[in-house]
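Here are my notes on the model you sent over. I've kept them short and numbered so you can follow along with the structure open.

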Amino acid sequence: MRNALQGSIGIVARNGETALAADLSNLPLLIDGLTVSYGEKPAIFSIDASFAAGRMIAIVGPNGAGKSTLIKAALGIVPRLSGTVRVFGQPIEQVRGRMAYVPQRASVDWDFPARVVDVVMMGLYRTLGFLRFAGTKERSTALACLDRVGMADFAERQIGQLSGGQQQRVFLARALAQDADLYLLDEPLAGVDAATERTIMDVLKSLKTEGRTVICVHHDLSTVERYFDDVLLINVRKIAEGPVASTFTDRNLQKTYGGRLAGAHIEQLRLPVE
């Protein structure tokens, strides 16, 4: 666990011993020695990482690096072979109400017959309970969340009738309805148009301003420096983690992507989008 802690909250020497520089209860997510295996091949291996409060954090790596697996294992969606996960210092089972998750759009059954507003209200069931029906208060909350992502006018539409970018906004609205402290998003910008990307990033930045923590699996190297405060680079194992300014370097990118990216290609991918 010590390696993970050194990344974001630091270690302070005191009388020859080490002491944590911050209370673990204030650390949104701590991953220690996390390993997940599909069959005989590990998807992620012995990953240590810590994620500080009030930060925008990108998880970056090549296809098959285990980025989505890391998020799902942290949430308990896929089983861990070894390692521990703590959310605000507690096992995730005790603090699920403080977490919200936006899955990859491709993993959702969009043929499910539900209205947009009903999908957003699903985010309220943890506090509402499955034995109670959503009422006026819950509908108002859902509409406010839809308005925040620019989708209030689509509240009565069937979710399957929306474009990919609109569907992604709706799932972000569902996460907002949970009023969480920690948001985990799996490729929230994949396949969306420029307007949707701006909307999503504006909402995520507003969450950061409110003191919440946002962790995104992210694929676009050209926007990492513009969008995020910290980055975790992985390729089955952790390559590097820390502030973008000191961690998102050509050297670390080469270690992460190996021979898949030449140096010139890395520079091209990092160029800002006009």
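How many salt bridges does the structure hold? Ten, and since this is a predicted model, please read everything below in that light.

1. Let's begin with a pair that spans the chain. Aspartate 181 makes a salt bridge with arginine 98, with 2.8 Å between the closest N and O atoms. The two sit 83 residues apart: aspartate 181 is in the loop between helix 6 and strand 8 (182-186), and arginine 98 is in the loop between strand 6 and strand 7 (99-102). Aspartate 181 has a relative accessible area of 28%, so it counts as partly exposed. Arginine 98 is partly exposed too, at 32% relative accessibility.

2. Next, have a look at glutamate 156 and arginine 115, whose side chains form a salt bridge at 2.5 Å, N to O. This one also links distant parts of the chain, 41 residues apart: glutamate 156 comes from the loop between helix 5 (136-148) and helix 6, arginine 115 from the loop between strand 7 and helix 3 (116-121). Glutamate 156 is partly exposed, with 42% relative accessible area, and arginine 115 is partly exposed at 26%. The pair doesn't stand alone, either: Arg115 and Glu156 belong to a salt-bridge network together with Asp118 and Arg139.

3. A further pair is glutamate 210 with arginine 148, where the closest N and O atoms of the salt bridge are 2.9 Å apart. Glutamate 210 lies in the loop between helix 7 (194-209) and strand 9, while arginine 148 is in helix 5, 62 residues away in the chain. Both are partly exposed: glutamate 210 has a relative accessible area of 42%, and arginine 148 has 34%.

4. Now for the inside. The largest nonpolar core has 51 residues, and Val170, Tyr183 and Leu204 touch the most other members. Helix 6 (residues 164-177) is the top contributor, giving seven residues. As a general point, nonpolar side chains in soluble globular proteins tend to be buried together. If you click on leucine 204, you'll find it touching Met56, Leu172, Leu185, Val214 and Cys216, leaving aside residues up to four places away in sequence. Apart from this core lies another, of 30 residues, including Leu70, Val85, Met99 and Ile215.

5. What is the strand order in the open three-stranded sheet? It runs 4-3-6, with antiparallel pairing. Strand 4 (41-51) and strand 6 (82-86) are at the edges with a single partner strand each, so one side of each has no neighbour in the sheet. From one strand to the next, the twist averages 20°. Strand 3 (residues 29-38) and strand 6 are joined by four bridges, and isoleucine 31 has valine 85 of strand 6 as its bridge partner. Helix 2 (residues 67-75) lies across strand 3, strand 4 and strand 6, at about 115° to strand 3.

6. Last, a small spot to check by eye. Serine 222 is in the loop between strand 9 (213-217) and helix 8 (224-227). Is this serine buried or exposed? Serine 222 has 10% relative accessibility, and the cut-off for buried is under 20%, so it counts as buried. The side chain of serine 222 also makes a polar contact of 2.6 Å with the side chain of aspartate 220.

Key
Residues are numbered from 1 along each chain as its sequence is written. This is a predicted model: local features need pLDDT of at least 70, side-chain atom pairs count only at pLDDT 80 or more; totals for chains, interfaces and linings use all residues. Side-chain values use heavy atoms; hydrogens and water are left out. A nonpolar core is a set of buried Ala, Val, Leu, Ile, Met, Phe, Trp, Tyr and Cys residues joined through side-chain atoms within 4.5 Å. Buried means under 20% relative accessible area, exposed over 50%, partly exposed in between (1.4 Å probe, protein chains only). Contact means heavy atoms within 4.5 Å. Two strands pair if DSSP finds at least two bridges between them. Axes are lines fitted to C-alpha atoms, for helices over the stretch in contact, and angles run from 0 to 180 degrees between N-to-C directions. A polar contact is a pair of N or O atoms within 3.5 Å; within protein, one must be able to donate a hydrogen and the other to accept it, and residues adjacent in sequence count only if both atoms are side-chain atoms. A salt bridge is a side-chain nitrogen of Lys or Arg within 4 Å of a carboxyl oxygen of Asp or Glu.
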